[in-house]
Amino acid sequence: TLIHDMAALDAIDTTGLSGAYALAKDLDASGTTYGHALVGVDGTNAFAGTFAGLGHTISDLTIENTAATTEYWGLFGYNKGTIRDLGLQGGSVTVTSASGVIQAGSLAGYSSNGTIYNAYATGNVQATSTSSNAYVGGLIGTNLYSTISNSYATGEATATGISRTYAGGLIGDSISGTISDAYATGNVQATSTSSSTYAGGLVGSNSHSAISNTYATGNASATSTSSDVYAGGLTGSNNSGTIINAYATGAVSAKSTNGNAYAGGLAGETLFSPITSAYANGTVIAESSTGGNTYAGGLAGYNNSGNITKAYATGNASAKNTEGRAHAGGLVGVNSGTISNTYAVGMVIAAGNNPYAGGLLGENSGPGTSTASYWNTETSGLTVSVGKGTPPSGVTGLTTEQMKNAASFADWDMDA
C-alpha cells in the first residue's frame, strides 16, 4: 500500500498493522502537532509489517504530549516489523507522564525483534516521567532483540525520571540486539532524582548487544541525586556486550550526589565484555559528593572482568569525591579484566577522599592484567602506571618524544 499523505500514515493502525507499506513521496508534517504515536501504540497493537520509505523523508514531524498516559512514543510507538530506507528531518518528540514508564525515539519508542536499516532522524527527543523510568534515544527508545544497521541520529536525547533513566544518541537502552554501521552526533543527558542513570553518545545502556562499526560525537551527561550514574562517549554501561571498531569524541560527565559515578571516554563501565579496535578522545569527569566511589578513564571508567585490546585514549580523565575512593586512569579508572595493545596520553587527576591516579590505570584490582600497553609520562602528569594495586609488568611509560618513535612500542606487531 502506497502512503501519499500524513492522514494515511496515521491511519495504519486501522488499515492493518501487519501490512506492507511504502512512501509514495516525501511528506511534510509541519503545521500539525500529534499527541500520540502515529503507528503501533503498544505491544498488543504493535506494527508487525514492512514500512519502506523508498528513500523518501518525513519532515517536521512534531509529537508532543504533556500529560501522557501511554508508554511508547515516536513515529512508531511499538515496532515488531521492518522499517527501512526512511529519513525523519527536523521535528521533535516531547513527552511528559505522571502515570508510568516513558519510552521515546524519533523513529520508534520500542523495537522488539524488529529490523531497522537505512534510517535516520535529525530531531530532538525529550521524555520525562515523574513517576517511573524514562528511556530516550535519538532514533529508538529501547531496542530488544532487534537489528539496527546503516542508521544514524543527529538530534539531542534527554531523559528525566524519578526512577531509572536511559538516554542515548541513537538508542536509549539496547538488550540482546545488533547495532552496526551506525552513528550519532547529538548531545545526551540522563537525569534521575531517585535511581540510576545511563547516558551514552550512541547507546545509554548496552546489555548483551553486539555493536560494530559505530561512532558518536555528542557529549554525554548522567546525573542522579541518590544513586549510581554511568556515562560514556559511546555507551554508559556495556554489560556482556561486544564493541568492535568504534570510537567516541564527545565530553563525558557522570555526577552523583549519593552514589557511585562511572565515566569513560568510550564506556562508563564495561562488564564481562570485549572491546576491540576502539578509541576515545573526549574529556572525562566522574564526581560524587557524598557516599560514593568515582571511576574515570580515558576509555572506560571500570573494566570489570572485560577484555580490552587494540584501543587508545587521548582525553583527560578526572575523578573527584568527598567520601569513598576516587579512581582515575588515562585508559581505565579501575581494571579487573584483561588489557592489551593499548595506550593513553591524557592528563589524569584524582582528588578528594582516597584518590588514586595512574597514567594507564587508576587501580589494578584482583585478577586484572595489562600487557603491551603504554602511557605518556609527560602529558599525563604521572610517572606511575597504576595509582593503586600491583603495577602490571607489561606496561611502559614513554615520553612524548619516545611515543613518536614506532620502535618504542616493542611489544606491538605493527604488521598485524
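**Figure 1. Burial and stacking of Tyr 230 and Tyr 262.** In this predicted model, Tyr 230 and Tyr 262 are both buried, where buried means under 20% relative accessible area, exposed over 50% and partly exposed in between (1.4 Å probe, protein chains only). Aromatic pairs are rings of Phe, Tyr and Trp (its six-membered ring) with centres within 6.5 Å; planes under 30 degrees apart count as stacked, over 60 as edge-to-face and the rest as tilted. By this rule the model holds 24 aromatic pairs. One of them is the stacked pair of Tyr 230 and Tyr 262, with 4.7 Å from centre to centre and 5 degrees between the planes. The two rings link distant parts of the chain, 32 residues apart: Tyr 230 belongs to strand 28 (residues 229-232) and Tyr 262 to strand 32 (residues 261-264). Strands (E, at least two residues) and helices (H or I, at least four) are DSSP runs, numbered from the N terminus. The model is a prediction, in which local features need pLDDT of at least 70 and side-chain atom pairs count only at pLDDT 80 or more, while totals for chains, interfaces and linings use all residues. Residues are numbered from 1 along each chain as its sequence is written, and side-chain values use heavy atoms, with hydrogens and water left out.

**Figure 2. Surroundings of Gly 268.** Gly 268 lies in strand 33 (residues 267-271) and is buried, with a relative accessible area of 0%. Contact means heavy atoms within 4.5 Å. Not counting residues up to four places away in sequence, Gly 268 touches nine residues that include Tyr 262, Ala 231 and Tyr 302. The C-alpha atoms of Gly 268 and Ser 253, which are 15 residues apart along the chain, are separated by 9.5 Å.

**Figure 3. An aromatic cluster and a charge over a ring.** One aromatic cluster includes Tyr 120, Tyr 215, Tyr 312, Phe 409 and Trp 412. Elsewhere, the charged end of Lys 388 sits over the ring of Tyr 356, 5.8 Å from its centre. Such a placement requires NZ of Lys or CZ of Arg within 6 Å of the ring centre and within 35 degrees of the ring normal.

**Figure 4. The open parallel sheet.** Eleven strands, in the order 4-7-11-15-19-23-27-31-35-39-43, form an open sheet with parallel pairing. Its edge strands, each paired on one side only, are strand 4 (33-34) and strand 43 (348-352). Two strands pair if DSSP finds at least two bridges between them. Strand 39 (residues 317-321) is joined to strand 43 by five bridges, and Ser 318 has Ile 349 in strand 43 as its bridge partner.

**Figure 5. Two nonpolar cores.** A nonpolar core is a set of buried Ala, Val, Leu, Ile, Met, Phe, Trp, Tyr and Cys residues joined through side-chain atoms within 4.5 Å. The largest has 97 residues, and Leu 9, Phe 51, Ile 58, Leu 75 and Leu 107 have the most contacts inside it. Another core, of eight residues, lies apart from the largest and includes Tyr 135, Tyr 166, Tyr 198 and Tyr 262.

**Figure 6. Two asparagines with positive phi.** Asn 113, located in the loop between strand 13 (108-112) and strand 14 (115-121), has phi near 55 degrees, a positive value in a residue other than glycine. Asn 113 is exposed, with a relative accessible area of 52%. Asn 118 lies in strand 14 and has a positive phi of about 55 degrees. At 34% relative accessibility, Asn 118 counts as partly exposed.
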